[in-house]
Amino acid sequence: MSESPGNVQGSLAALYESLQTSVLQLFTDPTQLSPGQAVLVAASALFVGAVVWTCCGGQRQRRTKVKLRAEFTPGMVYLHTLPAVKAIPCLTPFGIKLETYLRMADIPYEPMYGRSIGPKGKVPWIEYNGEAMGDSGLIMEFLNREKGVDLNRTLSDADKAVSRAFTKMVEENTYWGMAWNRWIDNFDNLHDLFEVSKTVMFFLRPFKGRLQQTMWAHGIGRHSKEDMEGIIEKDLWAISTFLGTKPYLMGDEPTEVDAAVFGQLSELLWTLPGSYLHRIVTVGCPNLQAYCSRIKNRYWSDWDQLTKNAKKTKEDMSLYSEIFSM
């Protein structure tokens, strides 16, 4: 017969009291510890150590030491990103963002598909003059300094503040709506986007659970599906309202925020057909669809070429599996 809740609580309370007494004894007179108390303290120390390593040290282990190319062209940006799928040149919005920025800034680069993950365990990342760098935003800041680029040169300080606010909104909030819709709501249909069999997609299934855990830790995953959809919808309406009839978010010419917003919206528009997000962008806020098409036509003349016959190889899927297991 199983123990009653009262007995279980009593046992836990007794265990905690014993541990408390043992720890106190350890710091006052360790020679008086009984064998049982010593075992209890040691086991507790191992458990706490494992938790700390997982939360802190384990994360440091994920900062990968990448293998860099032996030879490189000075000043060339080697962009490591995900290979194209049939709908879009890159399946991560941060990859679309960074590559759009490189095209906007007219910075020479060479795309590298499926070679490896970056120093922070993610893609995109770059090699530049024999060094590796991760995080799309930090890469853009570095290249601005290195190349003397300033896509925001016409903006006032207030405009720059608004641009940063929109960038952080779409990347730290709106992004999760896309991630949930793609990897959780529609995971069973991803084989069509990847153009692989359902058997191959089976190996990416663990990512679905990890994403749910990540979203829970973030906080947005604690909402009901309806509440979360409402939050993301408000984000999209905010972008649409601010954009209005302007060709770009901050005016007549594109700036850095357009690379970031296009990166997120392009995934909603071209990889989530039939979703509530797609309906908002195309029906509810048609100026967002026109905005995406405007940027695509201006900077991605090779879009159709990149996405045509974008069949995934085993190596590509292995890379996806490695990235999404991080």
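Let me begin with a definition: two residues are in contact if they have heavy atoms within 4.5 Å of each other. With that in hand, take Ser266, which sits in helix H10. Helices here are DSSP runs of H or I with at least four residues, strands are DSSP runs of E with at least two, and both are numbered from the N terminus. Leaving aside neighbours within four places in sequence, Ser266 is in contact with Ile88, Ile96, Thr271, Cys292 and Trp303.

Is Ser266 buried or exposed? Ser266 has 0% relative accessibility, so it counts as buried. The cut-offs are these: buried is under 20% relative accessible area, exposed is over 50%, and partly exposed is in between, with a 1.4 Å probe and protein chains only.

Two housekeeping sentences, please. This is a predicted model, in which local features need pLDDT of at least 70 and side-chain atom pairs count only at pLDDT 80 or more, while totals for chains, interfaces and linings use all residues. Residues are numbered from 1 along each chain as its sequence is written, and side-chain values use heavy atoms, with hydrogens and water left out.

Now to the helices. Helix H9 covers residues 225–243. At 1.5 Å a residue, its 19 residues should span 27 Å, and its end C-alpha atoms are indeed 27 Å apart. If you want to try that yourself, the expected span is 1.5 Å times one less than the number of residues. Which residues of H9 are buried? They are Met228, Gly230, Ile232, Asp235, Leu236, Ile239, Ser240 and Leu243. A handy thing to remember is that an α-helix has 3.6 residues a turn, so residues three or four places apart point the same way. The buried residues of H9 pack against helices H5 (157–185), H8 (205–218), H10 (256–271), H11 (276–284) and H12 (286–299). Right after H9 comes Gly244, with a positive phi near 55 degrees.

Let's follow one of those partners, H12. From first C-alpha to last, the 14 residues of H12 reach 20 Å, close to the 20 Å expected. Its buried residues are Asn287, Leu288, Tyr291, Cys292, Ile295, Lys296 and Tyr299. You may recognise Cys292 from the contacts of Ser266. Among the elements covering the buried residues of H12 are H3, H9 and helix H13 (303–307).

On to the strands, which pair if DSSP finds at least two bridges between them. Strand E1 (residues 77–81) runs parallel to strand E2 (residues 109–113), with five bridges. One bridge partnership joins Tyr78 to Glu110 in E2. Between E1 and E2 the chain passes through helix H3 (residues 93–104), making a right-handed β-α-β crossover. Right-handed means that, with the strands pointing away from the viewer, the path from the first strand over the helix to the second runs clockwise.

The other pair is antiparallel: E3 (residues 125–128) and E4 (residues 131–134) share four bridges. Trp125 has Gly134 in E4 as its bridge partner. This hairpin has two residues between its strands, and Asn129 takes a positive phi near 50 degrees.

Why point that out? Most residues other than glycine have a negative phi, and most peptide bonds are trans. Asp106, in the loop between H3 and E2, also has a positive phi, near 55 degrees. Asp106 counts as exposed, at 68% relative accessibility. Asp135, in the loop between E4 and helix H4 (136–147), has a positive phi of about 80 degrees. At 38% relative accessibility, Asp135 counts as partly exposed. There is a cis peptide bond too, joining Val123 and Pro124, with omega about 5 degrees. Pro124 is in the loop between E2 and E3.

Last, the rings. Rings of Phe, Tyr and Trp (its six-membered ring) pair if their centres lie within 6.5 Å; planes under 30 degrees apart are stacked, over 60 edge-to-face, and the rest tilted. The count by this rule is ten aromatic pairs. In one of them, Trp183 and Phe187 have ring centres 6.4 Å apart and planes at 45 degrees, so this pair is tilted. Both rings belong to buried residues: Trp183 has 4% relative accessibility, and Phe187 has 2%. Ring pairs also link Phe262, Trp270, Trp300 and Trp303 into a cluster.

A charge sits over a ring if NZ of Lys or CZ of Arg is within 6 Å of the ring centre and within 35 degrees of the ring normal. Arg103 lies over the face of Trp300, at 3.8 Å from the ring centre. Arg69 lies over the face of Tyr78, at 3.8 Å from that ring centre. Thanks for listening!
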